[in-house]
Amino acid sequence: MAAGGSTQQRRREMAAASAAAISGAGRCRLSKIGATRRPPPARVRVAVRLRPFVDGTAGASDPPCVRGMDSCSLEIANWRNHQETLKYQFDAFYGERSTQQDIYAGSVQPILRHLLEGQNASVLAYGPTGAGKTHTMLGSPEQPGVIPRALMDLLQLTREEGAEGRPWALSVTMSYLEIYQEKVLDLLDPASGDLVIREDCRGNILIPGLSQKPISSFADFERHFLPASRNRTVGATRLNQRSSRSHAVLLVKVDQRERLAPFRQREGKLYLIDLAGSEDNRRTGNKGLRLKESGAINTSLFVLGKVVDALNQGLPRVPYRDSKLTRLLQDSLGGSAHSILIANIAPERRFYLDTVSALNFAARSKEVINRPFTNESLQPHAPYRS
């Protein structure tokens with residue numbers, strides 16, 4: 001009798017464990033898709049920004065090699081045939097007179113709402129060194145760029161949506177890292193060393209041990225971000241006195257908890273990415289450490305191009321794992337994010353080859369298809385108390 005009871009008890013325990021495992025797996029699938037149907041596709045949107053001449057005298061004697069045609073298209077001289085031009089069309093084209101507000105309002109601001117739906121979004125600044133990527137992303141106190149504008153608006157949105165009496169309580173955290181010579185370094189905690197990149201059961205990319213700072217106001221954001229920005233690796237080259245020697249990634253998470261049953265949870269992630277620029281070492285004069293840095297930068301950007309090509313060709317293997325950068329961008333390219341690529345280009349003829357290369361990459365990137373989904377689950381414990 002005792003043996004029979006013990007056997008029945010073991011069977012009940014095994015059945016409960018099996019049910020829990022099935023339930024957990026089902027919850028993981030539900031969190032990823034949000035429904036049984038396949039999530040709708042969202043093409044990577046591409047904007048191109050042409051910066052002004054950096055030299056006040058260059059424009060008079062050396063006309064630009066790029067010309068905007070309208071708000072979505074441009075043309076560039078074809079040096080193989082001077083009778084022709086190469087024409088490109090994108091989701092948006094911002095000429096040299098465009099302002100920081102134009103770029104932000106036209107291409108970035110519309111994606112912030114997706115975070116409140118528990119979806120991911122990313123903004124990538126791409127282009128050769130000296131083309132203005134960091135200005136586009138950071139700007140200056142007089143002309144703030146994408147990052148400060150997005151944080152100010154996002155924090156305002158979360159305050160409104162999470163106000164007392166609304167159905168969801170919201171909280172925001174930030175992380176900031178750089179990828180320097182294939183090492184993932186925490187800019188908020190530089191002493192933490194090289195971090196690893198992992199993938200969870202829902203296909204989300206995460207970095208265990210990466211610092212997360214809660215922020216509820218723009219002042220909170222600046223208090224963490226400004227000192228961390230000074231930890232980013234920069235160096236002087238012939239083309240840029242403060243050239244970024246790493247890829248910088250600001251990760252902002254918006255967590256939502258439902259105040260009433262069924263007490264759902266949502267998480268939306270915003271990646272704001274300032275990529276280091278590709279470099280021609282003959283023109284930058286890189287030697288020693290600078291040469292090693294540019295080699296790592298160019299290799300990771302080369303792998304990024306391979307990822308885009310593999311996605312467009314529908315290849316069975318996409319080489320995300322071939323570099324830390326592409327591994328981290330797995331959500332953003334061919335993954336679960338609403339993605340915006342801002343390709344920064346220069347007008348001077350000496351940048352011609354870099355500009356053509358950036359435009360060709362941008363043209364290939366706008367064919368990449370992502371499938372954003374809502375990251376939603378039920379709270380396993382007690383309901384949220386605000």
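## Exercises on strands and helices

β8 and β9 pair in the antiparallel sense over 4 bridges. The model that shows this is predicted.

**Exercise 1.** Describe the hairpin of β8 and β9, and state which residues of β9 are covered.

*Solution.*
- Start with the turn: 2 residues lie between the strands of this hairpin, and Gln181 has a positive phi near 50 degrees.
- Next, take a pair across the two strands: opposite Leu177 stands Asp186 in β9.
- Then sort strand β9 (residues 183–186) by face: Val184 and Asp186 lie on the covered face, while Lys183 and Leu185 lie on the uncovered one.
- Asp186 thus appears twice, as the residue opposite Leu177 and as part of the covered face.

**Exercise 2.** Find the strands that β15 is joined to, and decide how far β15 is covered.

*Solution.*
- On β8 (residues 168–180): this strand runs antiparallel to β15, and 12 bridges join the two. Within this pairing, Val252 in β15 is the bridge partner of Met174.
- On β16 (residues 264–274): here 10 bridges join the strand to β15, again in the antiparallel sense. Lys253 has Lys269 in β16 opposite.
- For the link between β15 and β16, look at the turn: the two strands form a hairpin with 5 residues between them. Phe263 in that turn has a positive phi of about 55 degrees.
- Finally, count the buried residues of β15 (residues 247–258): 10 of the 12 are buried, so the strand is mostly covered, with buried meaning under 20% relative accessible area.

**Exercise 3.** Classify the crossing of helices α3 and α5, and list the residues that make the contact.

*Solution.*
- Take the angle: the axes of α3 (residues 100–108) and α5 (residues 146–161) come within 10 Å and cross at roughly 55 degrees.
- Name the class: α3 is therefore oblique to α5.
- Add the hand: the crossing is right-handed.
- List the residues: α3 contributes Gln100, Gln101, Ile103, Tyr104 and Val108, and α5 contributes Val146, Arg149, Ala150 and Asp153.
- Sort them by class: the contact of α3 with α5 has 5 nonpolar, 2 polar and 2 charged residues.

**Exercise 4.** Work out the order of strands in the sheet that holds β4, and name the helix that packs on the sheet.

*Solution.*
- Write the order: 3 strands form an open sheet, β3-β4-β5, with antiparallel pairing.
- Mark the edges: β3 (66–68) and β5 (85–89) are the edge strands, each pairing on one side only.
- Give the twist: from one strand to the next, the average is 25 degrees.
- Look at one pairing: β4 (residues 73–77) is antiparallel to β5 over 5 bridges, and Ile76 stands opposite Leu86 in β5.
- Place the helix: α10 (residues 352–365) packs on the sheet and touches β3, β4 and β5. The direction of α10 makes about 145 degrees with that of β4.

**Exercise 5.** Summarise the protein chain: how many helices and strands, what share buried, and what share of contacts between residues 24 or more positions apart?

*Solution.*
- Count the elements: the secondary structure comes to 10 helices and 19 strands.
- Give the buried share: 46% of the 386 residues count as buried.
- Give the contact share: among contacts with a separation of 6 or more, 71% come from residues 24 or more positions apart.

Methods
Residues numbered from 1 in each chain as written. Predicted model: local features only at pLDDT ≥ 70, side-chain atom pairs only at ≥ 80, totals over all residues. Heavy atoms only, no water. Buried < 20%, exposed > 50% of the residue type's maximum accessible area, 1.4 Å probe, protein only. Pairing = 2+ DSSP bridges. Axes fitted to C-alpha atoms, helices over the stretch in contact; angles between N-to-C directions. Parallel < 35°, antiparallel > 145°, perpendicular 65-115°, else oblique. Left-handed = near helix turned anticlockwise from the far one by under 90°. Contact = heavy atoms within 4.5 Å. Nonpolar A, V, L, I, M, F, W, Y, C, P; charged D, E, K, R; others polar.
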